[in-house]
Amino acid sequence: QYSPDSVAGADGEIDPTEVTFPGCPCRSSSCVAPECPCLRRGHNYSSLCLRLPEQQEQPFSRPVFECNSLCRCGEGCQNRLVQRGLQLRLQVFRTRSKGWGVCALEPIPRGRFVCEYAGEVLGFAEAQRRIQAQTPQEPNYIIAVREHLHNGRVMETFVDPTRIGNVGRFLNHSCEPNLFMVPVRVDSMVPKLALFAAADISAGEELSYDYSGRFHNSPGASREHKPLEEENSLRKPCYCGSRMCASFLPWDSSLFSTP
């Protein structure tokens, strides 16, 4: 079932459509920093693009908070980007060795929002149950996003587009990708998993991101541990074909382990 936005999963534990953030008091048609409390919280946009540091000295993403349905600013506010959904022309196509893939049908500038990775938002128990019920031959679409907060806490988000999802489910992994993922919050602490262009992308180029979650594709940003030798039997081979290919897709053992 195609859905442009994430929905509550079968466990019903998390509702991504619930509005819990207060709205900003800005009365202008488009909010500006530092007056807007939404913009003061993290990264900002400029001309439909995420403002990125020129150098890659920042290995982790800062949060992004968009204006929401309770904000007084207009629908044309520049701080409403990911919530507008897909605006680019993309195409799902059959690759030679990786199954389905997605390519751009128009040039995409660096920093531009491409699409959301939408699906069912699950709690940990349901995500683990689904993972453990899969056979090694079945494709795994569940993504686990862990955000490391300043106080040492870790916030987890699990999204599964296997049954309900959008075009993001067809994006392939690459060890040298041209997209990167940033959690973007609009109405609540449940984030939209937004994919942005890490570099200028040409029309016809396949779109890909690093499943291990490296921000801006900086090598130091991956927290993937080196898997044990016995875990390699569960891992899927990587066919990205890049010079930096790690031979296997990124591995997260937490959803496979049992208490």
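Q: What does buried stand for in this predicted model?
A: A residue of this predicted model is called buried when its relative accessible area is under 20%, and exposed when that area is over 50%.

Q: Why is C31 called buried?
A: The relative accessibility of C31 is 0%, and the cut-off is under 20%, so C31 counts as buried.

Q: What makes C67 count as buried?
A: C67 also has a relative accessibility of 0%. Set against the limit of under 20%, that value puts C67 among the buried residues.

Q: How many disulfides does the structure hold?
A: The structure holds zero.

Q: How do you know that C31 is in no disulfide?
A: A disulfide needs two cysteine sulfur atoms within 2.5 Å. For C31 the nearest cysteine sulfur belongs to C26 and is 3.7 Å away, so the pair fails the cut-off of 2.5 Å.

Q: Why is C67 in no disulfide?
A: The nearest cysteine sulfur to C67 is that of C31, at 3.7 Å. The limit is 2.5 Å, so this pair is not a disulfide either.

Q: Why are β1 and β9 called edge strands?
A: In the open sheet ordered β1-β8-β10-β9, β1 (7–8) and β9 (143–148) each have a single partner strand, so one side of each lacks a neighbour in the sheet.

Q: What makes β1 and β8 a pair?
A: Pairing requires at least two bridges. β1 and β8 (residues 120–122) have two, in the parallel sense, so the requirement is met. Within this pair, A8 lies opposite V121 of β8.

Q: Which helix packs on this sheet?
A: Helix α1 (residues 124–133) does, touching β8 and β10 (154–160). The direction of α1 makes about 110 degrees with that of β8.

Q: Which strands stand at the edges of the sheet ordered β5-β6-β14-β11?
A: They are β5 (90–94) and β11 (172–173), because each has a single partner strand.

Q: How do you know that β6 and β14 pair?
A: Two bridges join β6 (residues 100–104) to β14 (residues 206–209), and the strands run antiparallel. At least two bridges are needed, so they count as paired. The bridge partner of C103 in β14 is E206.

Q: Why does D187 have no salt bridge?
A: The nearest side chain of opposite charge, K192, is 6.7 Å away. A salt bridge requires the charged atoms to be within 4 Å, so D187 has none, although D187 is buried.

Q: Where is D187 found, and what is D187 in contact with?
A: D187 is in the loop between β12 (179–185) and β13 (192–197). Beyond its neighbours within four places in sequence, D187 is in contact with E18, V19, T20, F21, N68 and S69.

Definitions and conventions:
Residues are numbered from 1 along each chain as its sequence is written. This is a predicted model: local features need pLDDT of at least 70, side-chain atom pairs count only at pLDDT 80 or more; totals for chains, interfaces and linings use all residues. Side-chain values use heavy atoms; hydrogens and water are left out. Buried means under 20% relative accessible area, exposed over 50%, partly exposed in between (1.4 Å probe, protein chains only). Helices (H or I, at least four residues) and strands (E, at least two) are DSSP runs, numbered from the N terminus. Contact means heavy atoms within 4.5 Å. Axes are lines fitted to C-alpha atoms, for helices over the stretch in contact, and angles run from 0 to 180 degrees between N-to-C directions. Lys and Arg count as positive and Asp and Glu as negative; His and the chain ends are not counted.
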